[in-house]
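Me: I should like a close look at a single part of this structure, namely its salt bridges. Please explain them in a connected way, suitable for a first-year student.

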Amino acid sequence: ESTPAVTASDEIPSIAVPMEEDLAEASHQHAPQRKFRGGFRTSICDIFRDPHRRTDCCAVACCGVLSSDRSRYLLTGKRPPPLWMRVLMYLLIPALFIAAMNYFTVDVPVGDEGETQKAVRAELFWPFIAYMIILVTYRFVKNQRFRKDILKKLYEERSRERGEEVDPSHLNMFLHRQSLDTRRAHCCASSCFTHDYDFVDETGMISRDSMEGDGPPDEDMCTRLWDCLSRTFWCCGCWCQCCGFCALAQEEREVNRLTGHVQHKIDYLTFQPYSEYYPSINYLRDNQIRSPWKHLSSISDLSGALLKNVAAVLVVLVIFALSKIDSNFTWENMIVLFLTFGQAFFIEWLVHWMWNLFDLSFDAVVKYFACGFLLITPLALIFEMVVSTLSSIIVLVLATLVIASDSVLADELASDPKKGMQQLMVNHPGLFILIQFINAYFVAALVEETVKYFGYRMVVTPDLIPRGTSMTTLTNSNHLEEVEAVNGNPKTSKSIGSGITVAMVSVALGFACCENLIYIFVYSPPSLEVEVSTLLARSFFPVHPLCAAIQSIGVCKRDLEGDQRFGLGRIIFPAILLHGTFDFVLMLAAYFQQVGNIKEGNDEDGKAAQDDDSSEDLASQLPALIIGLVLVITGYAYYVVQSRAQTQRLVAMDSAA
């Protein structure tokens with residue numbers, strides 16, 4: 001049956017499928033019909049509903065720069081500017097402006113008593129503002145032009161499907177109608193649809209554009225909660241987006257479809273085809289070669305660039321430490337930094353090289369670790385800040401109610417705020433236990449486990465082609481031989497499951513390594529003893545890789561065993577429970593220790609330092625450390641039991657196949 005002709009008056013060219021009576025009835029009953037408001041009819045809000053929607057993760061990471069670069073390369077063949085130019089434009093020049101404004105300050109008189117304060121020079125401040133406006137405008141215009149290129153490609157594709165030539169006047173009319181969407185798509189604050197919908201147009205046809213995966217996923221508790229939240233903050237069927245993330249994800253999905261899903265055959269940043277490096281990796285796997293040098297020499301250009309840049313940064317830090325420019329970062333601190341990396345690399349060596357070397361390539365491990373270190377950590381910090389701000393509002397309301405009901409406490413806070421806060425901590429433990437609960441389970445565990453899962457989803461390597469992407473959808477029949485050559489001999493389900501576990505643990509190790517560096521060198525005071533003790537404490541409890549391994553059980557159930565009941569909620573819930581309980585125990589111990597110090601009168605400034613007894617502090621923290629150790633052992637035992645049972649099921653699947 002032929003596709004009906006679609007004129008230029010249609011809102012957007014899309015692939016239309018004849019809608020039969022049963023499909024029409026189901027669509028009207030279950031899928032809300034919305035008027036098209038522009039864009040590509042897809043929403044980033046379904047990131048928590050559809051496990052196949054990895055493009056949304058990539059659009060959020062690194063402000064969408066990596067996603068935008070690859071989409072532009074796939075559609076137009078244009079490579080992004082070199083890294084040094086971007087570092088110069090977006091980092092060095094703004095940093096120089098800020099340093100100059102801090103250095104060349106002027107004293108401005110304040111009041112009538114001759115007091116002065118430092119002020120920024122206007123001749124530096126306004127050029128800095130102008131430069132930042134130029135950068136934002138440049139990026140905005142560049143994204144607008146690319147979105148218009150995609151719309152042109154979509155229109156041309158529809159015209160080819162109808163067997164018609166592209167009419168320039170009709171094309172211009174179509175682009176003019178889409179001009180509002182083109183302008184607003186990449187604004188700092190705009191809107192997109194709350195969910196992906198099937199849109200019924202005037203011709204009675206149902207459009208299924210930009211869909212990834214095999215169909216709508218089964219809902220679980222997490223997706224239902226997200227539905228409730230998204231319906232709370234939507235207006236006119238739209239959801240607010242920030243900095244064009246939704247538009248970038250929409251564009252990547254459309255470009256993937258227009259280019260025949262070539263995105264599953266090239267790397268980010270370098271755009272190197274898998275066919276250039278993966279055959280050598282397959283050769284090592286098929287022949288069980290364990291030579292470290294051969295595995296290192298077979299990696300992709302992207303992994304090679306990552307390793308070279310890490311080596312260069314470490315060399316610079318060594319020179320900086322030896323120069324003794326900063327007394328707070330000496331050679332001893334550099335050794336602590338090496339030990340921090342060494343702890344993560346040791347676990348990676350055990351999990352990958354010793355136990356699962358041929359289930360996931362060394363090249364893929366480098367990419368997953370780098371994703372956790374470079375991309376996931378900033379995302380976690382940003383989202384934790386947002387969730388912490390929201391939770392602080394809730395706690396502030398509750399604290400206000402508590403203070404309003406206690407007049408003595410209110411007077412104490414008015415006269416001596418510090419003394420009043422101490423009394424609040426001692427007399428109202430329920431409020432502070434609630435604060436620790438929110439911080440442990442929502443600010444820390446929920447955010448970090450979620451971003452680690454999406455960190456795994458961001459990376460696509462030839463070792464683990466995502467589920468829902470078959471060989472026939474990767475390319476057309478003329479390129480099947482190339483795809484088979486890239487993927488090599490088929491791997492067993494057991495091997496793929498082990499590879500998924502190694503990949504998720506690698507992301508978690510990268511994230512944990514960066515988090516440890518932040519705790520050691522940023523949050524801790526500049527003391528070598530404190531840095532070493534912080535490293536030992538955080539290395540003794542490898543919660544992040546353990547939780548990632550537990551998550552991999554659910555991912556394998558969904559992607560390998562085909563159990564679609566395992567959505568995002570079921571996958572991350574056991575990890576959140578373990579991670580949140582571990583943090584909650586440590587936070588409660590710290591709270592009760594502080595309350596004890598207040599009751600004993602040891603919480604005053606100066607006195608605490610004089611009366612501090614490290615042995616007593618260790619004795620008070622020992623129960624929490626023991627409970628934390630028990631939780632880690634329990635989590636490991638849970639993973640071992642679940643992993644062995646799953647391995648038996650996967651082996652049975654391989655035998656049946």
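Reply: The following account considers the salt bridges, pair by pair. The model is a predicted one, and a search of the whole structure finds 15 salt bridges.

Consider first the side chains of aspartate 363 and lysine 367, which meet in a salt bridge with an N to O distance of 3.0 Å. These residues are 4 places apart in helix H14, which covers residues 362-404, so about one helical turn separates them. Both aspartate 363 and lysine 367 are buried. Moreover, salt bridges with shared partners link Asp267, Asp363 and Lys367 into one network.

Another pair lies in helix H5, which spans residues 122-162. Here glutamate 161 forms a salt bridge with arginine 158, and their closest N and O atoms are 3.7 Å apart. Because the two residues are 3 places apart in the helix, about one helical turn lies between glutamate 161 and arginine 158. As for their surroundings, arginine 158 has a relative accessibility of 5% and therefore counts as buried. Glutamate 161 has a relative accessibility of 46%, so this residue counts as partly exposed.

A further salt bridge joins arginine 285 to aspartate 286, with 3.5 Å between the closest N and O atoms. Arginine 285 has a relative accessible area of 12% and is therefore buried, the cut-off being under 20%. Aspartate 286, at 37% relative accessibility, counts as partly exposed, because that category lies between the 20% and 50% limits.

Technical notes: Residues numbered from 1 in each chain as written. Predicted model: local features only at pLDDT ≥ 70, side-chain atom pairs only at ≥ 80, totals over all residues. Heavy atoms only, no water. Salt bridge = Lys/Arg side-chain N within 4 Å of Asp/Glu carboxyl O. Buried < 20%, exposed > 50% of the residue type's maximum accessible area, 1.4 Å probe, protein only.
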